[in-house]
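Student: I am new to this structure and would like a close look at a single part. Could you walk me through one place where two helices meet?

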Amino acid sequence: MLDWLRKIRKVSQKLTLPSRDATAGRSQIQLNPAKLTPSSEIYLSSLSQLHLVISDLLQQDSLKAPDASQSEAQGVLAEAYKDRSKQLGGLLIRLGASQMELQSDIRERLEQLVMRTEGADWFEDLMRIYVVFGILQDGASQVSKGLPAAKKLKVDQLLDSKKLEKFCHRELAAGISADPALGPRLAMFGRMVVADALLEIRDSVDLSKVLPNPVEDDAVALAREQFKTLEPFTSVLIAKHTVRMDLLGLTA
């Protein structure tokens with residue numbers, strides 16, 4: 001228990017989300033996700049690395065799954081996400097430019113996210129995938145609206161599968177049903193890692209079209225401005241996240 005509380009304090013020190021006061025007077029203006037789409041090279045590199053990270057996490061988690069059927073299922077999902085990453089890599093190759101440095105930078109950022117959101121056991125790590133990577137995949141799906149038509153079609157096909165979400169829901173729900181103490185713990189853990197997911201959303205989108213003249217020389221003011229600008233978009237992602245939590249009988 002003490003280790004888990006230390007983990008909460010460690011994560012909270014890493015976050016740079018603006019305070020509640022900073023988001024007073026929230027805008028109700030809708031934000032077209034297509035305005036947040038980065039270049040095809042950046043988008044595809046980010047999505048490829050995201051899929052590869054999910055694959056790696058599933059493979060690692062399968063080694064500590066409570067039973068063999070869960071381990072096998074995670075192994076199958078890991079291979080599926082690895083294959084999707086390869087398909088996205090193929091799209092990048094066809095763009096005719098090497099993205100090794102870009103993908104390395106993205107991978108490093110995602111690895112920091114993984115370290116900040118590490119759980120205390122198999123169920124918390126599964127909750128991380130359900131919450132954090134659920135939000136990130138929702139974000140990627142929305143932002144794909146600004147891609148060229150052919151690339152958007154391929155990306156939409158890759159993101160259309162709900163097998164991972166269904167697996168996470170099934171196993172988390174079963175765990176909560178078997179252990180009444182697990183639900184409150186997972187609910188708290190889920191709330192804790194949402195901020196990390198939103199930070200990655202901010203870092204993965206292109207804000208230049210919606211925030212052409214950002215604040216300079218003040219990191220706190222810049223973060224406040226960025227999240228205020230993104231709020232109509234992140235509100236949609238949080239709404240989807242809330243539905244997923246509701247399906248587990250947990251408060252988002």
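Tutor: Happy to help; we begin with the whole chain and then turn to one helix pair.

This is a predicted model, in which local features need pLDDT of at least 70, side-chain atom pairs count only at pLDDT 80 or more, and totals for chains, interfaces and linings use all residues. Residues are numbered from 1 along each chain as its sequence is written, and side-chain values use heavy atoms, with hydrogens and water left out.

The secondary structure comes to nine helices and zero strands; helices (H or I, at least four residues) and strands (E, at least two) are DSSP runs, numbered from the N terminus. Of the chain's 252 residues, 48% count as buried, where buried means under 20% relative accessible area, exposed over 50% and partly exposed in between, with a 1.4 Å probe and protein chains only.

Now to the pair itself. Helix 2 (residues 40–62) and helix 4 (residues 100–116) have axes that come within 9 Å and cross at roughly 45°. That makes helix 2 oblique to helix 4, since angles under 35 degrees count as roughly parallel, over 145 as roughly antiparallel, 65 to 115 as roughly perpendicular and the rest as oblique. Axes here are lines fitted to C-alpha atoms, for helices over the stretch in contact, and angles run from 0 to 180 degrees between N-to-C directions. The crossing of helix 2 and helix 4 is right-handed, that is, the near helix is turned clockwise from the far one by less than a right angle.

Which residues touch? Among them are Ile-42, Ser-46, Leu-50 and Val-53 of helix 2, and Ile-106, Arg-109 and Leu-110 of helix 4; contact means heavy atoms within 4.5 Å. By class, this contact of helix 2 with helix 4 has nine nonpolar, five polar and four charged residues. Ala, Val, Leu, Ile, Met, Phe, Trp, Tyr, Cys and Pro count as nonpolar, Asp, Glu, Lys and Arg as charged, and the others, Gly among them, as polar.

Pick out Ser-46, which lies in helix 2. Ser-46 counts as buried because its relative accessibility is 14%. Leaving aside neighbours within four places in sequence, Ser-46 is in contact with Ile-106 and Arg-109.

Finally, a word on confidence. The chain's mean pLDDT (the predictor's confidence in each residue, from 0 to 100) is 89, and 88% of its residues reach 70 or more. Over residues 1–16, though, pLDDT stays under 50. Where pLDDT is low, the predicted coordinates should not be read in detail.
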